[in-house]
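Colleague: I am new to this one and would love a close look at a single part of it. Could you walk me through the aromatic rings and what sits around them?

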Amino acid sequence: MEKEQKLNESEANDAKFRQEIGVFGGVSIIGGIMIGSGIFYLGSYVMQRTGMSMGLSLLCWIIGGLISLLGGLCFAELGASRPVAGGMVVYLNEAYHPVVGFMYGFGSWLISGAGSISAVAIALPTALRAFFDLSDIAIKVIAIGLIVMLTAYNYFGVKKGSILQNLSMIAKLIPIILIMGGALIFGRQTPNLSLIPAGGNTVTFSSIIGMIAFATVATLWAYEGWTNLNTVAEEMKNPKKNLPLSLIIAIGGITILYTLFNYSIYKVLPHEKVVSMINSGDFYLGTEVAKTIFGNVGGIIVILGMVVSMFGSLNGMILTFSRTYYAMAEEGHFFKSYKKLHPKYKVPTASLIGQCIISVLLVLSRSLDQLTSMVVFIGMFFNVLCILAVFIYRKRFPSLDRPYKVWGYPITVIITVLIFGGLMINTFVEDPVTALIGFIVPALGALVYIYFDKKNKREAGLGNDTI
């Protein structure tokens with residue numbers, strides 16, 4: 001009861017951050033991170049996993065969107081009831097123990113968050129190799145320049161970062177809509193939307209279900225990023241209303257966009273052409289569609305679309321991830337400088353700068369792919385814990401103001417946990433070594449937490465008891 005009272009009291013305090021992100025800004029942050037270059041090639045992986053069935057592939061895109069929306073609804077309830085900076089760190093702290101939130105945040109700070117920033121920063125100039133002869137060194141220099149530049153830009157306030165995110169969101173949609181619209185209008189193919197894998201081989205119901213599950217995991221790569229809006233909830237205008245609205249509009253809209261975009265591919269490319277491209281290792285179906293409709297100009301449109309998409313994704317990650325590390329420091333077990341906001345711009349400057357430094361170091365690392373892949377499994381693990389936190393919050397804090405509640409509770413929450421839990425188990429079965437290695441970084445985070453815990457208690461004269 002005392003803890004619940006503190007939660008309600010914290011909402012009554014004056015916000016330390018400036019509330020300058022509206023509904024469109026929230027949609028842009030989610031869309032900016034979710035919609036990347038993957039829209040042009042991920043459809044190939046989905047086709048592969050469904051036995052080259054166009055109908056099954058489209059079904060998987062819809063299912064992937066619905067799964068993401070279910071997760072988003074759970075995060076919407078948590079975010080509307082606790083609109084504070086840090087998102088998942090705060091929910092894990094309050095639902096379980098501060099060490100749990102710290103383990104998640106530490107993994108993001110050291111590898112997954114900074115690694116994602118580094119990977120996108122490297123991918124952006126790599127896409128420009130179609131126009132310019134860029135060496136590996138030049139690509140790394142450009143990547144570092146992008147990280148430093150966008151970090152400096154976001155230093156001057158969340159409003160500027162949000163404006164840039166809004167502009168990049170509009171800019172990235174233009175080439176995608178051009179390609180999709182042209183394909184839907186001028187495409188002459190009649191896609192076979194049968195839910196039976198191609199090839200004529202006899203398949204069982206259970207094998208089709210397995211294909212759908214395996215292919216849906218591929219679509220979830222494209223939907224990744226919807227958890228990040230909660231990180232900047234404290235900087236949203238009227239977050240109790242606008243955060244759930246932004247999540248629902250963004251995830252729902254992107255589900256429609258992805259499904260229509262892949263359908264438009266099938267309207268232009270014959271099934272035989274799609275199969276031939278994928279079998280030869282050419283996964284960029286969206287690029288082929290653009291070239292088919294617009295000629296050589298289509299290739300330029302795709303490259304520009306990919307570059308703008310990655311630029312918006314990079315800005316969105318730099319903006320949101322830094323608030324996670326602020327929340328860790330605010331809880332009391334991280335660098336004190338990370339919880340200080342700029343007196344004028346109201347942004348966590350030390351957190352931004354620290355994130356920039358680690359991201360730059362990872363750009364220079366030769367094992368970036370290995371570093372980022374290690375935390376895939378553990379990332380899903382913390383997502384499941386956050387979704388389960390909806391149950392814990394309702395039981396532990398029954399009087400907490402909940403302006404938004406998950407539709408169909410508790411059934412929808414149970415279904416969401418089972419789905420994400422199943423994906424986590426599947427990942428562990430497919431690659432147990434990587435999954436287990438993924439626990440190393442959070443385990444290191446627990447040790448860092450214990451260090452700060454002992455330090456805090458020594459300073460307070462409370463002895464050396466931990467956790």
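Modeller: Happy to! In this predicted model, there are 31 aromatic pairs. Let us begin with Phe75 and Tyr91: their ring centres are 6.4 Å apart and their planes meet at 80 degrees, so this pair is edge-to-face, because planes over 60 degrees apart count that way. The two partners come from distant parts of the chain, 16 residues apart, with Phe75 in helix α4 (residues 54-81) and Tyr91 in helix α5 (residues 88-95). Phe75 has 0% relative accessibility, so Phe75 counts as buried. Tyr91 is also at 0% and therefore buried, since the cut-off for buried is under 20%.

Now turn to Tyr155 and Phe156, another edge-to-face aromatic pair, with 5.6 Å from centre to centre and 75 degrees between the planes. Here the surroundings read otherwise: Tyr155 has a relative accessible area of 27%, which means it is partly exposed. Phe156, at 40%, is partly exposed as well.

Rings can also gather in a group. One aromatic cluster is formed by Phe102, Phe106, Trp109, Phe334, Phe335, Tyr338, Tyr449, Tyr451 and Phe452, so do look for those residues in the view.

Finally, some rings have a charged neighbour. Arg49 lies over the face of Phe214, 4.0 Å from the ring centre. In the case of Tyr409, the charged end of Arg394 sits over the ring, at 3.6 Å from its centre.

Terms used
Residues are numbered from 1 along each chain as its sequence is written. This is a predicted model: local features need pLDDT of at least 70, side-chain atom pairs count only at pLDDT 80 or more; totals for chains, interfaces and linings use all residues. Side-chain values use heavy atoms; hydrogens and water are left out. Rings of Phe, Tyr and Trp (its six-membered ring) pair if their centres lie within 6.5 Å; planes under 30 degrees apart count as stacked, over 60 as edge-to-face and the rest as tilted. Helices (H or I, at least four residues) and strands (E, at least two) are DSSP runs, numbered from the N terminus. Buried means under 20% relative accessible area, exposed over 50%, partly exposed in between (1.4 Å probe, protein chains only). A charge sits over a ring if NZ of Lys or CZ of Arg is within 6 Å of the ring centre and within 35 degrees of the ring normal.
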